[in-house]
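Here are my notes for you to read with the model open beside them. Take the points one at a time and find each spot as you go.

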Amino acid sequence: MAGIHRERPGAADLAAATGTPAAPLGDDIWMSPGVSNSYAVGTDDGRVLVNSGLVFEGPLHRKAFAGVPGPTRAIVVTQGHADHWGGVNTLRDDHTQVLMHRNYRYWRDDNARLMGYRVPKTSFAFQKFSDAVLEHFKTIDPSTIDFSFPEPTTTFDLRHQMTVGGRSFELAWTPGGETTDALVVWLPEDRILFTGNLFGPLFGHVPNLMTIRGDRYRDPIRYIESLNTVLAYAPRRLITGHFVPIEGADRIAEEVTAMRDAMQAVHDRTVELMNSGADLYAAMRAVAVPEHLDVGEGYGKTSWNVRAIWEMYTGWFRHRSTTELYGVPPDSVAADVVKAAGVDALVQAARNHLDSGRPLQAIHLTELIRTADPAHAAARTVAADAHETLLARAENFWEKAWLTKSLTELRTDP
């Protein structure tokens, strides 16, 4: 059942805006690809934009839409991540409405207060976008760009309807996929639905209920409810945050149903194991999407979702050790363990684990040694070999990015 993820591009294919003319999609809609795509919907009284890319992409999207009849009457921002609202201040005209869900302020404030934490924990995965920013700023003065968060002129709670130039638009709140301010844009006469990144960047994959860059947990129940909202619209065309639209009401219904049922199955099995007294790590290893639901794990990962569900419901205390309650980490005794066991014995034990197909156990041991002696060459070699083993198995974008970053650091002289 389903399986469209096998036909569509992956996260490595995401690319920044270039300013090339927007591509016509039919139905009087144009697409300007970017870190997240920006779309223009034509009306008899100008255009309505859906999303605006990152801040540096605003001028590029404006250039791309130069051939689309204007002015810009409204800009709809489908969620509070910066790749959706960043270009608004560049793309808006004098009287442009800016529409967001009323929860936008949480994401505005998160972006401001946690920038120093999130930026360095994101950049390792998106170096090509950082490079694109630097290249763009070679051709334009950064001081000419407004980096501030664009305050909306209109917010709403559950639904919002508007008509622009004779064309009807309905906005619906759909939290759970990435943010609690997420919304979709429905064109009822055309049966077209813009979903932004409700499904994550990659359509046809499990959601990413947690991000290793650092973000709020995503609620699986709200995600399921939001997919039911999508299914209730029964769109004939689905326009997501990335890549080309998905066509056909039956295909869309099949794919969205598979994603919904996969999340429901993972949620329910995780809760069942929680109530049975199972261990979190055992649950991460045991829970899987049912085999008949062919959904991908290119951006989200089921084992991570299991942990996110567990911790969303229970918090961080595992009831395993008194030390969980205090601010003294396990590695505070790493040097004592290394001294008592002997560094050569631990390195050999780590190598034995790796040779027996247990790279994670090898990493556990080498981390003890490297905490006591970060430059220990043999430990670093075993750790690097273990990361290479994991990387060869990895399919998930974030997992591969982290393993690659770690491997590079391990292979570089400290």
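**Notes on the model**

1. Let's begin with the second largest pocket. Its lining is made of 40 residues, and those nearest its centre are Leu 54, Ala 82, Asp 83, Val 119 and Thr 122. Two or more lining residues come from each of α2 (82-85), α4 (104-113), α5 (115-122) and α6 (127-137). Do bear in mind throughout that this is a predicted model.

2. Which element gives the most to that pocket's lining? That's α6, with five residues. The space inside the second largest pocket comes to about 1200 Å³. As for the character of its lining, there are 20 nonpolar residues, twelve polar ones and eight charged ones.

3. Now for enclosed space. Rolling a probe the size of a water molecule over the atoms shows where empty space is left. Searching the whole structure turns up one cavity of 30 Å³ or more, and the volume of the largest cavity is about 30 Å³. Around the largest cavity you'll find Val 206, Pro 207, Ala 262, Met 263, Val 266, Val 289, Thr 302 and Asn 305.

4. Who supplies the walls here? Both α8 (249-276) and α10 (302-314) put at least two residues into the lining of the largest cavity, and α8 gives the most, with three. Six of the lining residues of the largest cavity are nonpolar and two are polar, with no charged ones.

5. Have a closer look at Asn 305, one of the residues lining the largest cavity. Asn 305 sits in helix α10. Is Asn 305 buried or exposed? Its relative accessible area is 2%, so Asn 305 counts as buried. The Asn 305 side chain also reaches the backbone oxygen of Pro 207, at 2.9 Å. Leaving out residues up to four places away in sequence, Asn 305 touches Val 206, Pro 207, Asn 208, Leu 209 and Met 210.

6. Next, helix α14. With 17 residues, α14 reaches 25 Å from its first C-alpha to its last, close to the 24 Å expected at 1.5 Å a residue. Its buried residues are Ala 379, Arg 380, Val 382, Ala 383, Ala 384, Asp 385, Ala 386, His 387 and Leu 390. What do these buried residues of α14 pack against? Their partners are α12 (343-355), α13 (359-372) and α15 (397-411). When you follow the list along the helix, it helps to know that an α-helix has 3.6 residues a turn, so residues three or four places apart point the same way.

7. Ala 384 is a good residue to pick out of α14, which covers residues 377-393. Ala 384 has a relative accessible area of 0%, so it counts as buried. Setting aside neighbours within four places in sequence, Ala 384 is in contact with Leu 407, Leu 410 and Arg 411. You can also check the spacing between Ala 384 and Ile 363: they are 21 residues apart along the chain, and their C-alpha atoms are separated by 8.8 Å.

8. Over to strand β9 (residues 167-173), where you'll find Ser 168. The side chains of Ser 168 and Glu 189 are joined by a polar contact of 3.0 Å. Not counting residues up to four places away in sequence, Ser 168 touches Met 162, Thr 163, Trp 186, Leu 187, Pro 188 and Glu 189.

9. Last, some backbone oddities. Most residues other than glycine have a negative phi, and most peptide bonds are trans. Gly 70 and Pro 71, however, are joined by a cis peptide bond, with omega about 5°. Pro 71 is in the loop between α1 (58-64) and β5 (72-76).

10. Two residues with positive phi also deserve a look. Asp 28, which isn't a glycine, has a phi near 60°, and its place is the loop between β1 (23-26) and β2 (29-32). Asp 28 is partly exposed, at 38% relative accessible area. Ala 234 isn't a glycine either, yet its phi is positive at about 50°. You'll find Ala 234 in the loop between α7 (220-233) and β12 (237-240). With 35% relative accessibility, Ala 234 counts as partly exposed.

Conventions. Residues are numbered from 1 along each chain as its sequence is written. This is a predicted model: local features need pLDDT of at least 70, side-chain atom pairs count only at pLDDT 80 or more; totals for chains, interfaces and linings use all residues. Side-chain values use heavy atoms; hydrogens and water are left out. Helices (H or I, at least four residues) and strands (E, at least two) are DSSP runs, numbered from the N terminus. Buried means under 20% relative accessible area, exposed over 50%, partly exposed in between (1.4 Å probe, protein chains only). Contact means heavy atoms within 4.5 Å. On a 1 Å grid over the protein atoms alone, a cavity is a set of points where a 1.4 Å probe fits but cannot get out, and a pocket is an open set with protein on both sides within 12 Å along at least five of seven lines; lining residues have an atom within 4 Å of a point. Grid points are joined across faces, edges and corners, and a volume is the space filled by probe spheres set on the points. Ala, Val, Leu, Ile, Met, Phe, Trp, Tyr, Cys and Pro count as nonpolar, Asp, Glu, Lys and Arg as charged, and the others, Gly among them, as polar. The expected span of a helix is 1.5 Å times one less than its number of residues. A polar contact is a pair of N or O atoms within 3.5 Å; within protein, one must be able to donate a hydrogen and the other to accept it, and residues adjacent in sequence count only if both atoms are side-chain atoms.
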